[in-house]
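Let's take a friendly walk through this protein chain, beginning with one local detail and ending with the whole fold.

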Amino acid sequence: MIELDYKKDPELFNKTAEKWAKEIGKDVKDTQIRKFYDKVLELYERSQKEDFSEILPFVKMLNSKVAYASQRSSGGKKLVNKAFVKMMNECVNQVNSKEKLKNFKLFFEAVLGFHKSIEGRK
């Protein structure tokens, strides 16, 4: 279980993120992860200018977007795997404030960084 609180989990942006990057593994291309990260980043940036209540429904909509991606495939291979879906669902379901969205963005950024190093080891 991911706890989007770096005070409760001081390793959130380090060991926890690395663990999730490894679970996602090489099955999910870096470009697909980046697409979702870019959306989270966009929502975070909007939350800095707009009322959070206007942003939250779009954060929650990420669950449907990742569910859709989990059913699509490219070259006979799913775009995202179960581990990625689980990570996204756990994070999205915890976002209920600007602070949680910020922690989600930072966690996702760390996962992306670790995943890139896994991708590079092909």
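In this predicted model, Gly25 adopts a positive phi of about 60 degrees, just after helix H1. H1 itself covers residues 12-24, and its buried residues are Leu12, Thr16, Ala17, Trp20, Ala21 and Ile24. It helps here to remember that an α-helix has 3.6 residues a turn, so residues three or four places apart point the same way.

Next, have a look at how two helices pack. The axes of H2 (residues 30-47) and H4 (residues 62-71) come within 12 Å of each other and cross at roughly 170 degrees. With angles over 145 degrees counting as roughly antiparallel, H2 is therefore roughly antiparallel to H4. On the H2 side, the contact is made by Gln32, Phe36, Lys39, Val40 and Leu43, which meet Leu62, Lys65, Val66 and Ala69 of H4. By type, the residues of this contact are 6 nonpolar, 1 polar and 2 charged.

Now for the whole chain. It holds 6 helices and 2 strands, in the order α-α-α-α-β-β-α-α from the N terminus. The radius of gyration is 14 Å, close to the 14 Å that the globule rule gives for 122 residues, so the chain is as compact as a globular protein of that length.

Some further values for the protein chain:

| Property | Value |
|---|---|
| Box filled by C-alpha atoms, along the principal axes | roughly 40 × 30 × 20 Å |
| Buried share of the 122 residues | 45% |
| Exposed area | about 6,800 Å² |
| Share of the exposed area from carbon and sulfur atoms | 51% |

Finally, among contacts with a separation of 6 or more, 74% link residues 24 or more positions apart.

Notes: Residues numbered from 1 in each chain as written. Predicted model: local features only at pLDDT ≥ 70, side-chain atom pairs only at ≥ 80, totals over all residues. Heavy atoms only, no water. Buried < 20%, exposed > 50% of the residue type's maximum accessible area, 1.4 Å probe, protein only. Helix = DSSP H or I, 4+ residues; strand = E, 2+ residues; numbered from the N terminus. Axes fitted to C-alpha atoms, helices over the stretch in contact; angles between N-to-C directions. Parallel < 35°, antiparallel > 145°, perpendicular 65-115°, else oblique. Contact = heavy atoms within 4.5 Å. Nonpolar A, V, L, I, M, F, W, Y, C, P; charged D, E, K, R; others polar. Rg over C-alpha atoms; globule rule 2.2 N^0.38 Å. Areas by Shrake-Rupley, 256 points an atom, 1.4 Å probe, with all protein chains shown as cover.
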